[in-house]
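Take a look at the model below, with an eye to its open spaces and its ligand.

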Amino acid sequence: MISGGGSNMVSLLNSMGPSHPAQAVLVIANEPNAGGLAKAINLGVDTAVVDHRAFASRPEFEAALQARLDDANVDLLCLAGFMRILTAGFTKTWEGRCLNIHPSLLPKFKGLNTHQRAIQAGETRHGCTVHEVTADLDDGPILGQAEVPILPDDTPDVLANRVLKMEHKLYPRVLDRFAREDRTLIALNMD
Ligand code: GRF
């Protein structure tokens, strides 16, 4: 599930060749204008839009997501830049079958604006984390992390680009293992 440009989604789809343990069946976006939708179509994957604005409550939105996921017989759900908070009801349904990528070295910097906050905190290392999704935001069991340095003149955008390159390496590696029911921690380092 995506909300935006879908570069992580593309890295996952491109990693899923014939010998991959998983198959991509559906990309759902909550934003009708998500740039990732066209990229998924180009890669031959079905897409759906479930616009959260069309629903009066979060559970109703999630029921519509769930209906799409059920229709496609989804076993494993990857959040890739999906910018809606999910309720405990939804995360319980997907417990042990739902992954997320977050642009920080969790448990540091949960939530938004992670790059800016890491710079402001004077960190010298930053990165990204793939974790299982649980009811608490950015908090489930960690499956992999990739580290990058924070350099003295970094702006949040420069740092975000450095982290994003590692996101594209880390997420496919974790998905491949996870789909083989291997939860061994993966640690990548940029230097
Ligand atoms: C990534 O940095 C992801 O970790 C964060 O939002 C960004 C999404 O990028 N949650 P993309 O849509 O995968 O290009």
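What follows walks through two pockets and then the ligand. Keep in mind that this is a predicted model.

Start with the largest pocket. Its volume is about 810 Å³. In all, 35 residues line this pocket. Closest to its centre are G81, F82, M83, I101 and P103. Four elements each supply at least two lining residues: the helices α1 (7-15), α5 (114-120) and α6 (156-179), and the strand β4 (98-102). The largest share comes from α6, with 4 residues.

The chemistry of this lining is mixed. It divides into 17 polar, 14 nonpolar and 4 charged residues. The lining also draws on two domains. Domain 1 (1-94) gives at least three residues, and so does domain 2 (102-136 + 143-191).

Now turn to the second largest pocket. Its volume is about 600 Å³. Here 30 residues form the lining, and Q23, V74, L76, L77 and C78 lie nearest the centre. The elements that give two or more residues to this lining are α1, β1 (27-29), β3 (77-79) and α6. Two of these names are familiar: α1 and α6 each supply at least two residues to the largest pocket, and each gives two or more to the second largest pocket.

How do the residues of this second lining divide by class? The lining has 23 nonpolar residues, with 3 polar and 4 charged ones. Set that beside the largest pocket, with its 14 nonpolar and 17 polar residues. As for domains, at least three lining residues of the second largest pocket come from domain 1 (1-94), and at least three from domain 2 (102-136 + 143-191).

Next comes the ligand. Which residues surround the ligand? They are G5, G6, S7, N8, G81, I101, P103, L164 and E167. Three of these names, G81, I101 and P103, have come up before, among the residues closest to the centre of the largest pocket.

Look now at the polar atoms around the ligand. At G6, a backbone N or O atom lies 2.9 Å from a ligand oxygen atom. At S7, a polar side-chain atom lies 2.5 Å from an oxygen atom of the ligand. At E167, an N or O atom of the side chain is 2.7 Å from a ligand oxygen atom. On its own, the ligand has 370 Å² of accessible area, and the protein covers 78% of that area.

Technical notes. Residues numbered from 1 in each chain as written. Predicted model: local features only at pLDDT ≥ 70, side-chain atom pairs only at ≥ 80, totals over all residues. Heavy atoms only, no water. 1 Å grid on protein atoms, 1.4 Å probe; cavity = no way out; pocket = protein on both sides within 12 Å on 5 of 7 lines; lining within 4 Å. Points joined across faces, edges and corners; volume = space filled by probe spheres on them. Nonpolar A, V, L, I, M, F, W, Y, C, P; charged D, E, K, R; others polar. Domains from an automatic or database assignment. Near = heavy atom within 4 Å. Polar contact = N/O pair within 3.5 Å; in protein donor to acceptor, adjacent residues only side chain to side chain. Areas by Shrake-Rupley, 256 points an atom, 1.4 Å probe, with all protein chains shown as cover.
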